[in-house]
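Colleague: Please take me through the inside of this protein, with a close look at any empty space and the side chains packed there. I work at the bench, so plain words are welcome.

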Amino acid sequence: MGTIRSTRASARPRRAPGGAGGPGGAGEAPARWSPVEQRLWEDFRRGEVCDLSAGNPAADDPAGPAAWGPERTVRAEALSLLLLAGPAAVPGTVRGLKLTGALITGRLDLAGGRITDFVELRACRFDTGVLLSEAQVGTLRLDGCWLPRLDASRLTTAGDLVLARCTVPFGVRLTDAQIGTDLIVNYLVAGCDQYKHAFSADGLTVSQDFEADRLTTYGDLSLRTAKVGGRLSLRGAELHARPGQGNCLNAARVNVGSTFYLSGWSPAPLLRPHPSAHPPALRGVTYSLPSRDPGPFYRTPQSGETASHDPQSYDPQSHDRRLPEQRAGEEAAGPLGEAADPLGGDPSSMYGQGFGEAAPLGSRTMPFRAYGGVRLEDARFEAACLIANAEFHLAPDQELSLRRIQTPELRFTCPTPPTGTVALSRARIGNLVDTPGAWPANHRVRLTGFAYDYLRPAEGTPFTIEQRIAWLDHALDTYHPEPYEQLAAALRRDGLDEDAREVQYAKQRRRRQTLPLPGRIWCRFQDVTVGYGYRPGRAALWLVAAWALGTLWFTGHQPPPEKLDEHPHWNAALYSASLVLPIVNLGQDGWAPTGVGQWLSAGLVMTGWLLATTAVTGATRILQRG
């Protein structure tokens, strides 16, 4: 089968002499084209939809086992000719390629080509991968298609790039691509290539929104250094790392101009999904890599042929084009429909269901799920980073890494804590909105250098000061004073001085556990007596107790006067108070206690200086902050 490459102008199809409208003459399709392709030629000139579907959902499923015959087969060569050197439009119309329900055979190689026409392929099946590297297109929409692989590195679009509801068993590559408006990959299912990449988009630039709701990947989703001008949404996505692979999402140094959604997905009410819109949730399924390097393109087996790629991925007898995870999950869930997608959805829309920070009360949602590490280091989110209704199934050596991220708001309200480590070292946050149950309690939170301005509990979920202190105690594997100081500072900015003192007191108690025995004994004494200076009321109580002890003793043990010829009036209560309260003269001078009374007097003076100074210091701290 002939192949047309577009990397050089000389490689483009030559038009027949005098055929200004196309190779076969003015507005005429080439004579060697099949009737289906000639029909597509005419529909392209008029900008009309060429619908080759059978009208039967089972027979029209691109990933299904049904065979598609010549009545719905279009060669990739014909598509290349239309897109790169197609006929002129019928006067009064805008030409465009709009194809539905077609089997596209051969390699669709448009690398380096320039495509100015609108392109929309719906529910089509490709038997070989698609190559769009370094191509320039206007708007390209692949909706509900099945294609082995898409390689579109350095692709440039003036409009949208849509890969919604597609299945791509050997992955998508959009490295360094530049999308003029929106990138929409809702409901996309992507397997991995030989390098374990399912969706590789390092260096991607999207001018507006990047929607990836209900995305499913079996391999890593790589968005390193990507730039998104609007919002980036992974609501309800399910990401699986391959065996031996550390991360299922690698978005280090990503820059998002609005909000980043790593949260649950809420369906539109009273609507049901397209049967092949999204696979059911899968658990414990192992996906094997191809047994050998399959090369840059992948081809499905035709009748009587032997599979030339991974035999575990496709069944050459039944033409079952589902990924192994899809087959296993659908067998467990039963027939497609409500069992496969119990939440429902909009079968006619490739777009998301609107954006909000939280799902409506009482609504059913599908959480975001990550089976592998999530790396968001050095990321910037200009509006907010929302991690809500998300599940992180991490191995002991895997992390949810938020190191050095910068955002005005971080919402962390997962219903269950991640099973691995949550790293927030040196992150810079404006508002921290969280819930007590969202954080791991096994000393697996890294908070060194984590800075936030204000604490805001999630709606309907109070976060008490006792829970805040327990959050730090349970999060830190070793004692670090900085997280306690940061928490106290944030509480003071909200005017909660009493809570800030509670945090400082908890810091000293945690510090005591790290000291040697003599230090622990001394700190224990400080805790009991004055609460490390953060309990001035406790110091006052000890002063009262010391005064009562002195009064009781000296009531029955009056000391002799210093001068025998002078007998000042004796008052045991005032004498004890003059000993306990430093720099206070209550007129009880002139007495000379001896023996036990002398030692008791010295002890009361020392106790008074220590406790009174502590009480005054604490009271001064309260007045200054007030």
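Modeller: What follows covers cavities first and then nonpolar packing.

This is a predicted model, with local features needing pLDDT of at least 70 and side-chain atom pairs pLDDT 80 or more, while totals for chains, interfaces and linings use all residues. Numbering starts from 1 along each chain as its sequence is written, and side-chain values use heavy atoms, without hydrogens or water.

Searching the whole structure turns up three cavities of 30 Å³ or more. (A cavity is a set of points on a 1 Å grid, over the protein atoms alone, where a 1.4 Å probe fits but cannot get out; its volume is the space filled by probe spheres on those points, joined across faces, edges and corners.) The largest cavity holds about 110 Å³. It is lined by 14 residues, of which Leu108, Leu110, Val119, Leu121 and Leu140 are the closest to its centre (lining means an atom within 4 Å of a point). Helix H2 (76–85), strand S6 (118–122) and strand S10 (140–143) each give the lining at least two residues (DSSP runs of at least four residues for helices, at least two for strands). The lining has 14 nonpolar residues, no polar ones and no charged ones (nonpolar: Ala, Val, Leu, Ile, Met, Phe, Trp, Tyr, Cys and Pro).

Leu121 turns up again in the largest nonpolar core, which has 118 residues: together with Leu99, Phe210, Leu234, Ile387 and Phe392, Leu121 touches the most other members. (A core joins buried Ala, Val, Leu, Ile, Met, Phe, Trp, Tyr and Cys through side-chain atoms within 4.5 Å.) Helix H2 also returns, giving this core the most, eight residues. A second, separate core has 12 residues, including Leu579, Trp591, Leu600 and Leu604.

Phe392 has a rich set of neighbours: beyond four places in sequence, it touches Leu262, Phe368, Ala370, Val374, Ile387, Leu400, Cys414, Pro418 and Thr419 (contact: heavy atoms within 4.5 Å).

One of those neighbours, Leu400, leads us to Val445: they are 45 residues apart along the chain, yet their C-alpha atoms are separated by 9.6 Å. Val445 sits in strand S39 (residues 445–446) and counts as buried because its relative accessibility is 0% (buried: under 20% relative accessible area, 1.4 Å probe, protein chains only). Setting aside neighbours within four places in sequence, Val445 contacts Val422, Trp439, Pro440, Ala475 and Leu476.

Terms used: On a 1 Å grid over the protein atoms alone, a cavity is a set of points where a 1.4 Å probe fits but cannot get out, and a pocket is an open set with protein on both sides within 12 Å along at least five of seven lines; lining residues have an atom within 4 Å of a point. Buried means under 20% relative accessible area, exposed over 50%, partly exposed in between (1.4 Å probe, protein chains only).
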